[in-house]
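Ready for some practice at reading a protein structure? Have the sequence and the 3D view open side by side, and try each task before you read its solution.

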Amino acid sequence: MTKQTAGRRSNRRRLFASVDLHSMQGREDLVSLTRSGYAGVRLAGHFAMPEMGDRELVSLIALLRDARGVGLRVAWSGDCGALEVGCLRHLDPPRQSDGTFAWSARQGESLVVRRGPTFLAVEDTRHGERRRVDVDRSEPAAAVLDASRWGHTVTPAEAASLQALALHDLVFRSGDHGVGIAVRQGVWCV
């Protein structure tokens with residue numbers, strides 16, 4: 001590779017794709033952007049999270065999670081209002097209307113899940129020291145934590161099982177919709 005080619009590739013990796021939340025259908029769309037050389041996505045519009053519909057809000061959180069999982073940054077604008085966002089500190093925050101970020105992540109904070117044959121292993125460093133939570137894959141809650149669909153509607157069986165995940169701040173719920181917020185790592189696309 002020549003120096004000029006390396007320079008072009010380096011510049012291309014800094015590019016952010018401008019996208020609409022509704023145009024993104026899932027993790028596969030983000031993988032395609034990563035393979036095309038994008039460093040991140042810039043979401044169009046301003047998201048007033050407390051005013052969003054349940055499915056749309058959960059889809060937004062899933063997009064943030066999956067973008068982080070494939071190595072993309074997300075630049076977006078939004079307001080959280082009274083919405084509890086402490087569990088989302090490992091994801092890219094929105095820039096609020098006053099120019100500040102809605103939450104700040106300290107260096108090294110992460111929440112990742114790795115798949116085992118019979119369990120999901122979650123490692124969490126968001127609250128200081130590392131803690132590990134294992135979730136049995138036969139539990140209904142594991143389907144939410146492992147799900148890659150955006151805007152997942154929580155079933156009654158999953159709702160009862162999600163209480164344990166909620167105690168560990170591993171799930172984001174809005175109405176009848178929920179998403180596991182641990183970033184799935186171990187499969188990098190670039």
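Below are five short exercises, each with a worked solution.

A word on the ground rules first. This is a predicted model, in which local features need pLDDT of at least 70 and side-chain atom pairs count only at pLDDT 80 or more, while totals for chains, interfaces and linings use all residues. Residues are numbered from 1 along each chain as its sequence is written, and side-chain values use heavy atoms, with hydrogens and water left out.

**Exercise 1. Take stock of the protein: how many helices and strands does the secondary structure come to?**

Step 1: Count the DSSP runs, numbered from the N terminus (helices are H or I with at least four residues, strands are E with at least two). You get five helices and nine strands.

Step 2: Walk along from the N terminus, and the elements run α-β-α-β-α-β-β-β-β-α-α-β-β-β.

Step 3: Check burial, where buried means under 20% relative accessible area, exposed over 50% and partly exposed in between (1.4 Å probe, protein chains only). Of the 190 residues, 45% count as buried.

**Exercise 2. Find the largest nonpolar core: which residues have the most contacts inside it?**

Step 1: Know what you're after: a set of buried Ala, Val, Leu, Ile, Met, Phe, Trp, Tyr and Cys residues joined through side-chain atoms within 4.5 Å. In soluble globular proteins, nonpolar side chains tend to be buried together.

Step 2: The largest such core has 52 residues, and Ile61, Trp76 and Leu88 have the most contacts inside it. Helix 3 (residues 54-69) gives the most to this core, with eight residues.

Step 3: Zoom in on Trp76. Contact means heavy atoms within 4.5 Å. Leaving aside neighbours within four places in sequence, the contacts of Trp76 include Leu43, Phe47, Pro93 and Trp103.

**Exercise 3. Look down helix 2: which of its residues are buried?**

Step 1: Helix 2 covers residues 27-35, and its buried residues are Arg27, Leu30, Val31, Leu33 and Thr34.

Step 2: Seen down the axis, these buried residues fall within an arc of 160° (taken from the directions from the helix axis to the C-beta atoms), so they line one face of helix 2.

Step 3: Now turn to the face away from the buried side: there you meet the exposed residues Glu28 and Arg35.

Step 4: Just after helix 2, spot Gly37, with a positive phi of about 100°.

**Exercise 4. Place Asp66: which residues does it touch?**

Step 1: Asp66 sits in helix 3. At 1% relative accessibility, Asp66 counts as buried.

Step 2: Skip residues up to four places away in sequence, and Asp66 touches Arg27, Leu30, Ser148, Trp150 and Arg184. You've already met two of these, Arg27 and Leu30, among the buried residues of helix 2.

**Exercise 5. Trace the open sheet: what is the order of its four strands?**

Step 1: The order is 6-5-4-9, with mixed pairing. Two strands pair if DSSP finds at least two bridges between them.

Step 2: The edges are strand 6 (131-136) and strand 9 (183-184), each pairing on one side only.

Step 3: Five bridges join strand 4 (residues 111-115) to strand 5, and the two run antiparallel. They form a hairpin with three residues between them.

Step 4: Strand 5 (residues 119-124) also pairs with strand 6 in the antiparallel sense, over six bridges. In this second hairpin, with six residues between the strands, Gly128 takes a positive phi near 105°.

Step 5: Follow one row across: Val113 has Val122 in strand 5 as its bridge partner, and Val122 has Val133 in strand 6.
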